[in-house]
Amino acid sequence: MEDHEIRAALDRHWAASDANDLDAEHQIYREDAVLEYPQSNERIRGRRQIQLSRDAQPNRKRFQIRRVIGMSDLWITEYVLTYDGRPSYTVSIMEFFDGKVIRETQYFGDSFAPGPSRARWVESIT
């Protein structure tokens, strides 16, 4: 699969995620895909189980993509995932095999107040 085709599949995936279209959101995964959340020490095996775990999530969620970078079989998406109005800065690392995601690892980081010791060197990015 060409890079532009994978990028288009990622764009469809994130748009479906934001629209809460679970069937379209999970078309990007292979049947034997693995999803890992290292911060909570969780691993979910199989596209169906990944979809069911997300369907069971009770929170209202929104996705705001900041950037997507990658090539060949490795793609990284940086985005803000908002659950019930609370943003979490997120990185998704997707590994592709035969044009579908075989492995995804997601990392989450909550926002925090700027450090006063560096205030004179920074600018707000919002």
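Author: Two strands count as paired if DSSP finds at least two bridges between them, and strands (E, at least two residues) and helices (H or I, at least four) are DSSP runs numbered from the N terminus. This is a predicted model, where local features need pLDDT of at least 70 and side-chain atom pairs count only at pLDDT 80 or more, while totals for chains, interfaces and linings use all residues. Residues are numbered from 1 along each chain as its sequence is written, and side-chain values use heavy atoms, without hydrogens and water.

Reader: How many bridges join S4 to S5?

Author: Look at residues 74-83 for S4 and residues 86-97 for S5. Within this pair, Thr77 faces Ser92 of S5. The two strands run antiparallel, and the number of bridges joining them is 10.

Reader: Which strands stand at the edges of the sheet?

Author: The open sheet has 6 strands with mixed pairing, in the order S2-S1-S6-S5-S4-S3. A strand with a single partner has one side left without a neighbour in the sheet, so the edges belong to S2 (42-45) and S3 (61-71).

Reader: Which helix lies across S1, S3, S4, S5 and S6?

Author: Find S1 at 29-37 and S6 at 100-110, then look for the helix crossing them as well as S3, S4 and S5. That helix covers residues 3-19 and is H1.

Reader: Which residues have the most contacts inside the largest nonpolar core?

Author: Such a core is a set of buried (under 20% relative accessible area, 1.4 Å probe, protein chains only) Ala, Val, Leu, Ile, Met, Phe, Trp, Tyr and Cys residues joined through side-chain atoms within 4.5 Å. This one has 19 residues, with at least two from each of H1, S1, S3, S4 and S5. The residues with the most contacts inside it are Leu10, Ile28, Tyr29, Met94 and Phe96.

Notes: Contact = heavy atoms within 4.5 Å. Axes fitted to C-alpha atoms, helices over the stretch in contact; angles between N-to-C directions. Buried < 20%, exposed > 50% of the residue type's maximum accessible area, 1.4 Å probe, protein only.
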